[in-house]
Every structure is written in C-alpha cells, then in structure tokens.
Amino acid sequence: MQLRGNKRGLVFGGLYGRLVLLVSFIVVLTIAAYGVINYIKQSRHSIDVIKQNAELMARNLALSCVDYLVVNDFGGMEMFLERFAEFPDISRIQVYDSKGDVLSDILHKPGFSPTLHFDSPPLKSPPLTQTSIRIEDEQMVILQPVIAGAVLGWVKITYSLNMIKDTQGIILKNSVLVGIAGVIISFIAILIALRQPVNAIKRIAAFARRLDEAKGDVISIKGVPVEIEDLSSALNYASQKLYSTEKAIVSEKERFKMLHQIAVEMNRTTDIDGLLNTILDCSVRMLRSEFAAIALYDESGKYKKLIARGITIKTVDVLPEGLGILEFIRLSLVPVRIDNVFEHPAFSGSLPEGHPIVKNLLASPIFSDEGKSMGAIYFGNKEEGFTLYDETIVNAISADAAIALSRAERLSQLKKFKQVIDSAFDIIIIADANGHITYANPALETVTGYSREEAIGNKPSILKSGYHDRKLYENLWNTIKAGDVWRGEFINRKKNGEIYYASTVIFPIHTESEVYYAGIQRDITQEKKLYEQLVRSQKMEAIGTLAGGIAHDFNNLLTAVLGYSEIMMGMATEDNPFYKPASIINNAAQKGAELAKKILMVARKEKLEAKAVNINEIIHNSMELLQRSLPKNIEITLNLKENIPNIKADPSQMHQVIMNLAVNARDAMPDGGKLIIETSVVGMENGAANGITEDKGGFVKLSVSDSGTGMDTETQSRIFDPFFTTKETEKGTGLGLYIVHSVINNHNGYINIYSELDKGTRFNIYLPIAKGIDKEESIEDEDITGTGTILVIDDEPDIRELCKDILEPLGYEIMLAGNGSDGINIFRTMKDKISLVILDMIMPKMSGGEVFQTLRTMKSDIKALLCSGYSHDGFSGIDKLIKSGACGFVQKPFTRQSIAKAIKKALSE
C-alpha cells in the first residue's frame, strides 16, 4: 500500500507530477483565456465589419432615395427598395418623410421574396442629420437621414445578425476545441512521459498562439501519441475554418464595397458609357468571371450599344444581331443561369468569330420603368461555376443598372427641356402657392431687365404697370385656383419704366403635397403696334373710299351747276341783273370743285396737277390769307432762303399744307405767340419715315414752328390720325394734319415733328428738289370751236343736257344716250356719222369700260373721251382704257373751256 501510495505520489504528488499538473493547469487556463479573448476579439471585429458595411449600404440607399423623394415617385422607389431588400441578411427597409410618416415598408424573410408592409407606426423623434446605429433583439437597426439641401426624410434598415451568430458559433466552437485539446494534452502529459511530446506541445502552443494569423496553415506532428495527433488535427480544422470564415467576411466586405462604388457612380454621373464601364469593372472582380458584357437594345430589339470585358469584338461597325442564347436572354423576364452553354436548347451551335469558348453563363435582363426590356448584363466562364448567390448579386446589379439608365435618360431629357426653356424668347416663370417666384428663365431679363436673382423670391407684381384694375387680378386668381388655365394680356412695366404688352398663359401644376403656378409671357408690343397700324390703315382706307364716293357724286352735281352758271354768264352782260347771281353761283361751284379735289386728294383719288414751283412764292402768296386768318397777337416771321430750287408740286395743295399748319399753330397759341416759317436746302435729315433715298440732289426743307402749348409723346404718336383732335367738340374735325400728311406723301416727301410741352412745336417738311423741270408758261386763249357729231353717254340727265348746251354753240352736233345700252344702239346705227363718244365711266348696269369695249368691236378706230367724277389716277381701269385706244380723260366738274379743248385734241389725233 505504501509502495502504491508512493508510486501514486510519485506520479501525481511529486514535484514533477505537480509540475505536470501545474503546467497542464496553466496550459488549460492559457488556452481557455486565449479562446475567450479570441472569441471576443473576432466577435467585435465581425460586428465592426457588419456595421461598416451596413452604414455604407444605408448611405447608398439614402442617396438613391433622393431622386424619388424629390419627384415624389413612390412607386419607383418601392420597386427599387424591393430589389435592394433582396440582399442577404436585410430583414426590413423603411422610408419616412420629413414629418416621420411612413412612405414605404419592405419586409424580407429568409427564403421569401420581399413584400410590402402596411400600417407601420410613424418615426418618433428622429435625429436631424446624424446616422444612428443600434443593436436590439439580435438585429442591427440603422437610421440614415435623406438629405438634399434639407432633410427630405429617413431610411431605416433592419439588418439580421445571423452571420455574426454563425461566426461567433464557429469561433466559440474552435475555442472550445482548443480548450479541450489543452485538457487532453494535460492529462496525456500526466499519463505518459513528457519528454517525447514536449516539443509537439510547444509547437501546438505556438500554433495556437498565432491561430488568428495561420491563414489556413496545417501543422504536421509525427511520432507522438494519438491524442496529440488528434489535438493537432482539431487545431488544423479550427485554423482552416477560421480562415475560411475570415475569407468569406473579407469577400463579403469587398462585394459591399463594389456595390457601394456602383451606387456612388450611379448618383455621381449621368454619362451612360462611364457608368456601364464602372458596373462591368466592379462586377467582373466581384464574380471572378472570365468575361462580361452589357448590351442595350433599340425599339426593334437589336443591339444599339455593347460594352464588354474579356471579349474582342471584331465587327466594329456592325453589332451582333442577338440570336440563340442572346435572344433567349433578351426575351427572358428573369435571370438566366446556364451551367453548360453547349447543351442548352437555345444555343445556336456557333459563336461569333473571335469569341472565346463559353462554358457557363449568367445573365440578367435590364428593364425600363415601363417594364420593357432595354438591355441585359452577361457574365461567362467562372471557374467554379455560378451560384445562386451570384445570381442574386447579378439581379441586384441589373436592377441598379436599370435605375441608373432610366435616371440618366430622365436627366438627359430634363437637360434638353432646360435648354429649350433657357433658349426660349418667351418669359417662363414658376411661382409657389403664395405667388412667390421660384424659377425664371433668362428671357425674363432680356424682356423686362429684371435678373433672375432679383425676381426669385418676389412676386410677379414687380411687373405691374397700374393700367389694370383689381377685378382682372381677382379673376386671374379665381381661375387658376380652380385648376383652370387663365389666358389674357397684360400691360406690364419693365425695370427701366418702359411699358410693354404681354400675351400671358397661367396654369397650375399639382404635386403630391403642393401646388405651383407656371406662367408663360410673350412680348407682343411690336405685334400690337403693327395691328394698330393695320387698323389705322384700314380706317384711313375706309374713310378714303367714303370720301371718294362722296366727292364723285358731288362732282356730278357741280358739273351742271358750274356749266350752266358759265352759260348764264356768257348770255348776260355785267350790268344785267342775272349776271351777279350767275357769277356768285359760278364762284361757289368753283370753290365746291376745289373742295371736291381736296376730298379726292385725301382719298388719294385726285390726280396731282404737279409742276415746277417755288415754295417761297407759294408762302408769299399765302401771307395775305394768313394775316387775315391769324389774330394780331401772333407774330409771323419768315426766314426764306434766297434762290431756293424749285420743287415739283401742286401749288393749291401746298398752299393748303401751309394754311393747315398755320391754323394748327394758331390753336396752340390762344394767348398769342410767334409763328415762324422757314425754308432751306438740306440733305437727308433724321431719317425718312417712308424710306426715301437721296437720289434727287437733296430736299427743300419747309419748317413751320410755333411757341404754343406743345404736345406730349402719346399725342405726337397720333397727331396724323384721321379725326384725331385735342380740341373741344365742334371746334375741329381732326382732318387738318391728316390732310397735310397725305399731301406730303403724295409729293414723295416726308414730315417730322418735334414738340415739347409748354415750349412749342415744329413741323419739318422735306420735298424732293425738281431738276430739269421749268415752270409752266401761261397758255394763251385758243380757238375751241369745232365740227362733228358727238355722242354723249351719261346716266345723269343734267350733265347730258349741259354737254348739249355747251357744245352745240361751238359748232358740234350732239346726240344723247342715258345708259350704256342706248348708247350702243345709237352707235350701231350711226357709227359712220359719229366723230367722238363722250363716255361716263360709272353708270348702272353697264360701266363705261364695258361700253367702250363693245363699241370697239363695232369700230376699231373709235374715238372716245372718258369722263368721271373720280380723277384719272383714282379710278381703276382708266389708264388701261386709254392704252387700249381711248383718246383722253376729262374730270368732272368741267368747264366749257376744258371739255372743248379735250374734244378738239381728241378729234385732231
């Protein structure tokens, strides 16, 4: 017993045994401590890695949500979130608006597709601009703000910690194995001699100390007990397991990093080629495939763009047609994973020239927002084959590519729209619900002078001119607030005070949360002016037509009055009681004829009796009448240039111009003043309004100035309008200056006005100098008698009888016809006897022109003298008839002298 006890004590109780026990105990504690420390260290490292990746993912998701929140595209955002939620270990994604209300809630259970969740509670007391991460119920919750100048909302991601649990389990298992191995080593050391395994134990301990750095190394121990070999195997297993786990974590981190890089590139650039190249570069490294490609289709399904890695495309000018497997992928609605391409039913049996052999293939279609296939992403020849996890990654990449392409397309369209708006000549303004301008295009500054910086924040009322009443603006606001479009015109004021007219359309723009108002303005000032000129021209034309018709009828009446008064004066002597009344009637008729000429001149239907005249002589001849017409408190001053050149003008009309301007000056000086009439020779001055060029040796300038009340700018712009007057009712017709303007235009001249209030007015008239035209010499009295038969065709009986009474005493035989038909019948039977036909141009049923053409068919050399109350120039067709064979023209009212001379001239031809 003693011996056995001594033996036991020798083994367990001796110093060596105790040393063995102590060493064993220390080894156990060391390995256990190392296991605990390693467990804590690896657990923290795993959590840190997951936190870092989760935070990057949250930021990426927040950046991607900015575009959807800005344009309120919640449907697109939910599609994006469902694709994003397919990432492993993401169990829930929630998006809140700036008030904390839930916009979208996506749940993702393992083994199931992500689904929408409704009736989620709002976010309570969210932070403003900081990312928060917390761990609760074995899940990591990341709350990331969505910021674009201001906080638009928050993204909340719930991340499962199952991977950490699995990693911790492996680490714990390894630690336990190491502890067990330590215990086994301790007890084996007690039972066997320690000398042989001591080196092995040292190697195992050293290996255990650097277990986290072993990187899958294998420790080889031979010639030791089986237990130590088992311990070595266990440590080798733990090392390899730990290394593979760490490698998986690093690989996952690299994938997250590449996905983050893709997401950042998506939000950073709108260059489609650059974006697709980035996606390809990251994806090839992530999936470790031999080649990859991204193809985009056109509307017909053919390739319009192809970007590849690991493939040399020899057909540079012609893209692949997309047959066989490529067409199969294009038509597919889900990712396609093919382990053996050559055995796939869709394989066409051949590859393009220069294309590498394809062993396996993984592809995913890229869909547009409308759900149409717009392209596909391909990966080929992965050494170990593509996995389901690879398919999930590719599906996510294709979803990102679809979002990026759609976003790039939308941004491209927005840029085009912006270029169009910025280049528009019309003003485009967008205002908020309160009417404050939030956007204005460059045309605002071009038209109004206000810069966009000055306009933004203000209301469109900065353009108000004060010409509109409140009712117009109330109607505008009531219309657009009701959701309708308001159309109308504004009289606005520019920054410099200038007034302009704007044709405007204003309409509401409704969004999910707010309403805006857009306005489009077009400056129509020039169009307004042109329209006013058109209306003025039409009014003047109408007045001219009316005046011409009145003057024509008036001339017909005056013809008989003037003719018979002349007959009466010829039948009586001056001492005869009937001579004075006849003379008064004749003078009145002559004045009436002059008045009719003026009316026809206003209507531009009076032929100018232009001849070379001296403007100074006309002014001197007008002085007697001027002095009688103007009050004595008006001083008349003449500054006339000596030896002034002649002008070609109608003396009576120029006399009328001087008198009208003088009367207008008199009315502007009710308390007296100065009237200055000047003449000079000038070149072109101040620009000719009617575009006259200086090709006649210059102009004679006639200036009529007064020191009267003057006119403002608006009055000056209308001073030549017919019937426009600033005088009281019944004190002016408004035709004086209109007649002046018409006369000057008819003389190929132009007129300028300069006036200031309380300083006076000056009219400058410019008339072309007449070269090579001498004054007409007075025509001596000549014999006006004659012989022959004259047929007078006129619908006015008084005029017919007048012609008979005037011409028969001169030796002519007169035949009368009251209309065109009677005249034709008489001429048909008497054409050989009739020497001349006097033909009125305006008659009922048959006009003078029709009668003349009919008479010409009966006698080609007929002599006809045309007659009308209109002038030669004013009646359309007279010139044509004269060119066709008519002998001349006589304007009513005519005197015996004028018509007798015309008849004698016609018969002598």
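**Exercise 1.** In this predicted model, determine how helices α7 and α9 are oriented to each other.

*Solution.* Helices α7 and α9 are roughly antiparallel to each other. The reasoning starts from the axes: α7 (residues 272–287) and α9 (residues 388–423) pack at an angle of about 170°. Angles over 145 degrees count as roughly antiparallel, which leads to the assignment for α7 and α9. The axes of the two helices are 11 Å apart. On the α7 side, the contact is made by Ile-272, Leu-275, Leu-276, Ile-279, Ser-283, Met-286 and Leu-287. On the α9 side, the residues in contact include Asp-390, Ile-393, Val-394 and Ile-397.

**Exercise 2.** Classify Lys-156 as buried or exposed, and identify the residues it touches.

*Solution.* First, Lys-156 is located in strand β6, which spans residues 151–160. Next, its relative accessibility is 16%. Because buried means under 20%, Lys-156 counts as buried. Finally, leaving aside residues up to four places away in sequence, Lys-156 touches Arg-92, Ile-93, Gln-94, Tyr-96, Arg-134, Val-141, Ile-142 and Leu-143.

**Exercise 3.** Assign an exposure class to Ile-26 and state which surface patch includes this residue.

*Solution.* Ile-26 belongs to helix α2, residues 15–71. Its relative accessible area is 42%, so Ile-26 is partly exposed. Together with Phe-25 and Leu-29, Ile-26 makes a nonpolar surface patch of about 290 Å².

**Exercise 4.** Describe the protein chain by its secondary structure elements and its buried fraction.

*Solution.* The chain contains 23 helices and 28 strands. Of its 909 residues, 43% are buried. The accessible surface comes to about 48,700 Å², and carbon and sulfur atoms account for 54% of this area.

Technical notes
Residues numbered from 1 in each chain as written. Predicted model: local features only at pLDDT ≥ 70, side-chain atom pairs only at ≥ 80, totals over all residues. Heavy atoms only, no water. Patch = residues over 30% accessible without salt bridge, like charges linked within 9 Å, V, L, I, M, F, W, Y side chains within 5 Å. Areas by Shrake-Rupley, 256 points an atom, 1.4 Å probe, with all protein chains shown as cover. Salt bridge = Lys/Arg side-chain N within 4 Å of Asp/Glu carboxyl O. Helix = DSSP H or I, 4+ residues; strand = E, 2+ residues; numbered from the N terminus. Buried < 20%, exposed > 50% of the residue type's maximum accessible area, 1.4 Å probe, protein only. Contact = heavy atoms within 4.5 Å. Axes fitted to C-alpha atoms, helices over the stretch in contact; angles between N-to-C directions. Parallel < 35°, antiparallel > 145°, perpendicular 65-115°, else oblique.
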